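Q: Here is a model I'd like to go through with you. Please pick one part and take a close look at it.

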Amino acid sequence: MTNTLSHIAIAVDDIDKAKSFFELLTQNKSSETHLIEKQKVNAAFIAIGDTTIELLDPYGQDTPISNFLSKRGGGIHHLCIKTDRFDEMVEKLKSTGIRSLGDSSIGAKGKRVIFFHPKDTFHVLIELEEH
Ligand code: CO
């Protein structure tokens, strides 16, 4: 089994400013900002090494990211770990009592993803992604 860091997602309230900063920091060009309708976000991706920083700007009111921004002002929203043994990992995590937030669904990249409850994962929302 190989598990690696897929991406770090950061909630932002000004995606253009955030893109400029992370482009400077990583010395990489960001993707175009695009709407992910299902998640109600405008997203942009910036590669760094083998991983990606994912900038998430809320699209509309009362969405998971807009609620996160009003509660916390922004910051790291979740870490995503990718695994080549998705079902096995879900089983392993759940068998230790870690609760998922709903069932797995198809993420932005067309792969299965599932989120785990931050109360069970040291207050960091964890996304597991099939690789
Ligand atoms: Co993610």
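A: What follows looks at the cobalt ion and then at the chain that holds it. A quick note first: the model is predicted, local features need pLDDT of at least 70, side-chain atom pairs count only at pLDDT 80 or more, and totals for chains, interfaces and linings use all residues. Numbering starts from 1 along each chain as its sequence is written, and side-chain values use heavy atoms, with hydrogens and water left out.

Now the metal. The cobalt ion takes its protein donors from H7 (NE2), H78 (NE2) and E127 (OE), at 2.0 to 2.1 Å. Donors here are N, O and S atoms within 2.8 Å of the metal (3.2 Å for Na, K and Ca); water is not among the atoms, so the site may look incomplete. Along the sequence, the donor residues are spaced H-x70-H-x48-E. H7 belongs to strand β1 (residues 3–11) and H78 to strand β5 (residues 75–83), so this pair ties together parts that are 71 residues apart in sequence. Both histidines are tucked away: H7 is buried, with 3% relative accessible area, and H78 is buried as well, at 4%. (Buried means under 20% relative accessible area, exposed over 50%, partly exposed in between, with a 1.4 Å probe and protein chains only.)

For contrast, look at K17 in helix α1 (residues 15–26). K17 is exposed, at 63% relative accessibility. Its C-alpha sits 21 Å from that of K71, 54 residues apart along the chain.

Zooming out, the chain has 3 helices and 8 strands, in the order β-α-β-β-β-α-β-α-β-β-β from the N terminus. Those are DSSP runs numbered from the N terminus: helices are H or I with at least four residues, strands E with at least two. For 131 residues, a compact globule would have a radius of gyration near 14 Å, and the chain's 15 Å agrees with that; the radius is taken over C-alpha atoms, and the rule is 2.2 Å times the number of residues to the power 0.38. The C-alpha trace spans about 40 × 30 × 25 Å along its principal axes. Of the 131 residues, 37% count as buried. Among contacts (heavy atoms within 4.5 Å) with a separation of 6 or more, 50% come from residues 24 or more positions apart.
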